[in-house]
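Below are some notes on the model, set out as numbered points. They go from the chain as a whole to single helices and residues.

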Amino acid sequence: MEVPLEVSQVKQIAGRAGRYGMGVESGVVTTLEPSDLPLLNAAMENHPEPLRYARVGFIATTIMDIFEALPGGSTATTARDALLYCSALPPNMAVMDPSAREAETTRYIDSFSLDLAFTERALMLQCPFPSMDDQCKAILGQVLSTYRSQLSVDLRKILLDSGLLATLEQVLASKRNKGVLTTPKRDLATLETLHSVLTIYAWFSLRNSIAFYAYDQAVALRKATQEAMDYCLRSFSISSLIRLPKRTLRFKEHLIRQPVFR
């Protein structure tokens, strides 16, 4: 669907977000349609309004402090509720309410980790949770269950059980033989899941290298997966990828004059 962009969103798309203190003083940004350039200029020249308040989140040290203060066996959901109830902050600050995604992550991690140590549960709560990928989420559940029962996770076994490696090997074989992929979109979706699984495993490995010991293997497989994903993208028909816009981008005028920042 089409939605009007706020000034802050225009600036973020233009690459201005996250650059503070990096020494980046200038750059170039343009639009697909020349008629949109005046709107882009108006947005980029607007000055941000001062933030009147801020929201703070759930960081690792806070999670540990709350877990240690609660009775043994308390869930992560209880820990978050305790944080919201007990926090004492300045008037211009507030604790962020959990989003639907965060609440889902908390419940999912709780279902696998109630009998683990607080430090292990706190680590799991911080992992890059794949809330939009059901297959990756199921594999993450297998990873957590394996860790809980064996205190180590064999990456290759996890991948073989999931069937993800078969797609990777098939696509790479097609690339070597310069073959044609019959289902590039489906292959790409599977490879995206594989890439997410490997990223999560590498994330855990950097924080617990004994249990998640196959870091080098995860990195090598992730590089091969990126190569296979690139081949899938190149296999798409150019005509199916290019979609020229039917009309130019639209911005609400009042958002240009009075930018809204969250």
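How many helices and strands does the protein chain have? The count is 13 helices and two strands. The points below refer to a predicted model.

1. Overall make-up. The protein chain has 262 residues, of which 35% count as buried. Among contacts with a separation of 6 or more, 69% are accounted for by residues 24 or more positions apart.

2. Helix α6. This helix covers residues 118-125, and six of its eight residues are buried, so α6 is largely enclosed by the rest of the structure. The buried residues are Glu120, Arg121, Ala122, Leu123, Met124 and Leu125. Glu120 and Arg121 are thus part of a buried set that also holds Leu123 and Met124.

3. Buried face of α8. Leu155, Ile158 and Leu159 are the buried residues of α8. Viewed down the helix axis they fall within an arc of 95°, so they line one face of α8. An α-helix has 3.6 residues a turn, so residues three or four places apart point the same way. The partners against which the buried residues of α8 pack are α7, α9, α10 and α11 (215-235).

4. Ends of α8. At the start of the helix, a side-chain oxygen of Asp154 comes to within 3.2 Å of the backbone nitrogen of Arg156. Just after α8, Gly163 has a positive phi of about 80°.

5. Crossing of α8 and α9. The two axes come within 5 Å and cross at roughly 85°. Angles of 65 to 115 degrees count as roughly perpendicular, and α8 is therefore roughly perpendicular to α9. On the α8 side the contact is made by Arg156, Leu159, Leu160 and Ser162, and on the α9 side by Leu164, Leu165 and Glu169. Sorted by class, this contact has four nonpolar, one polar and two charged residues. Two residues of α8 recur from the points above: Arg156, whose backbone nitrogen is approached by Asp154, and Leu159, which is buried.

6. Val171. This residue lies in helix α9. Its relative accessibility is 0%, so Val171 counts as buried. Leaving out residues up to four places away in sequence, Val171 touches Leu181, Asp187, Leu191, Ala228, Tyr231 and Cys232. For Val171 and Tyr231, 60 residues apart along the chain, the C-alpha atoms are separated by 7.7 Å.

7. Leu188. Helix α10 holds Leu188, which is buried with a relative accessible area of 11%. Not counting neighbours within four places in sequence, Leu188 is in contact with Met229, Cys232, Leu233 and Phe236. Its C-alpha atom and that of Ala228 are 8.2 Å apart, with the two positions 40 residues apart along the chain. Cys232 is one of the contacts of Leu188 and is also one of the residues touched by Val171.

8. Positive phi outside glycine. Which residues should be checked here? Leu151 has a phi near 60°, a positive value in a residue other than glycine. Leu151 is found in the loop between α7 (134-150) and α8 (155-162). Lys178, also not a glycine, has a positive phi of about 55°. Lys178 sits in the loop between α9 (164-176) and α10 (184-207). With 74% relative accessibility, Lys178 counts as exposed, whereas Val171 in the preceding helix counts as buried.

Conventions: Residues numbered from 1 in each chain as written. Predicted model: local features only at pLDDT ≥ 70, side-chain atom pairs only at ≥ 80, totals over all residues. Heavy atoms only, no water. Helix = DSSP H or I, 4+ residues; strand = E, 2+ residues; numbered from the N terminus. Buried < 20%, exposed > 50% of the residue type's maximum accessible area, 1.4 Å probe, protein only. Arc of directions from axis to C-beta. Contact = heavy atoms within 4.5 Å. Polar contact = N/O pair within 3.5 Å; in protein donor to acceptor, adjacent residues only side chain to side chain. Axes fitted to C-alpha atoms, helices over the stretch in contact; angles between N-to-C directions. Parallel < 35°, antiparallel > 145°, perpendicular 65-115°, else oblique. Nonpolar A, V, L, I, M, F, W, Y, C, P; charged D, E, K, R; others polar.
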